[in-house]
Amino acid sequence: MTCKTGFMILATGAVMAAVAATAQAQQPGDPEQGLRFARQVCAECHLVVKEAGRSTNPNAPTFAVISNTPGMTSAALSLALQTSHRTMPNIVISGDDLSNVIAYILSLKGRD
């Protein structure tokens, strides 16, 4: 093995370790803070609380329906909330707000 090849293997290992450590260090978010954020930002269109009813916008699913969508995970929600939609305003959610609202939505699983 050449010195260059050894360095590449070492560098690749270091990057993989850093990515794994970052993924483990991410906090899952605070559902209570997520509910507060959702009431301020999302409730204009979505039914955000766990109760019978419909969203104010008939095209906007309730958060309970979103949480119970097959395959819905924090990664899927993160991607969905950071991607523009034709039927959704271009709202930028990032940082703790993103983690918190995802934690809140996922806390509704099994409660639709």
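**A friendly note on an all-helix chain**

1. A good place to begin is Ala103. Setting aside residues within four places of Ala103 in sequence, its contacts are Pro28, Gly29, Asp30 and Pro31. Please keep in mind as you read on that this is a predicted model.

2. How far apart are Ala103 and Asp30 in sequence and in space? Along the sequence, 73 residues separate Ala103 from Asp30, yet their C-alpha atoms are 6.1 Å apart. Ala103 sits in helix α5, which covers residues 95-107. Is Ala103 buried or exposed? Its relative accessible area is 13%, and because the cut-off for buried is under 20%, Ala103 counts as buried.

3. Now for the chain as a whole. You will find 5 helices and 0 strands, so to speak an α-α-α-α-α order when read from the N terminus. Among contacts with a separation of 6 or more, 56% link residues 24 or more positions apart. The pair of Ala103 and Asp30, 73 residues apart in sequence, is one to look at with that in mind.

4. On burial and surface: the chain has 112 residues, and 25% of them count as buried. The exposed area of the chain is about 7900 Å², with carbon and sulfur atoms supplying 58% of it.

5. Next, the largest nonpolar core. Which of its 17 residues touch the most other members? They are Phe63 and Val101. Helices α2 (31-41), α3 (63-67), α4 (74-81) and α5 each supply at least two residues of this core. The biggest giver is α5, with 5 residues. As general background, nonpolar side chains in soluble globular proteins tend to be buried together.

6. Phe63 deserves a visit of its own. Leaving out residues up to four places away in sequence, Phe63 touches Ala38, Cys42, His46, Leu47 and Val48 on the one hand, and Val101, Tyr104, Ile105 and Leu108 on the other. Val101 thus appears here as a contact of Phe63, and both residues were named above for their many touches within the core.

7. Finally, the cysteines. How many disulfides does a search of the whole structure find? The count is 0. Cys42, one of the contacts of Phe63, is in no disulfide, and the nearest cysteine sulfur belongs to Cys45, 8.8 Å away. Why is there no bond between Cys45 and Cys42? Their sulfur atoms are too far apart for one, because a disulfide needs the pair within 2.5 Å. Cys42 itself is buried, with a relative accessible area of 12%.

How values were computed:
Residues are numbered from 1 along each chain as its sequence is written. This is a predicted model: local features need pLDDT of at least 70, side-chain atom pairs count only at pLDDT 80 or more; totals for chains, interfaces and linings use all residues. Side-chain values use heavy atoms; hydrogens and water are left out. Helices (H or I, at least four residues) and strands (E, at least two) are DSSP runs, numbered from the N terminus. Buried means under 20% relative accessible area, exposed over 50%, partly exposed in between (1.4 Å probe, protein chains only). Contact means heavy atoms within 4.5 Å. Accessible areas come from the Shrake-Rupley method with a 1.4 Å probe; for residues, only the protein chains shown count as cover. A nonpolar core is a set of buried Ala, Val, Leu, Ile, Met, Phe, Trp, Tyr and Cys residues joined through side-chain atoms within 4.5 Å.
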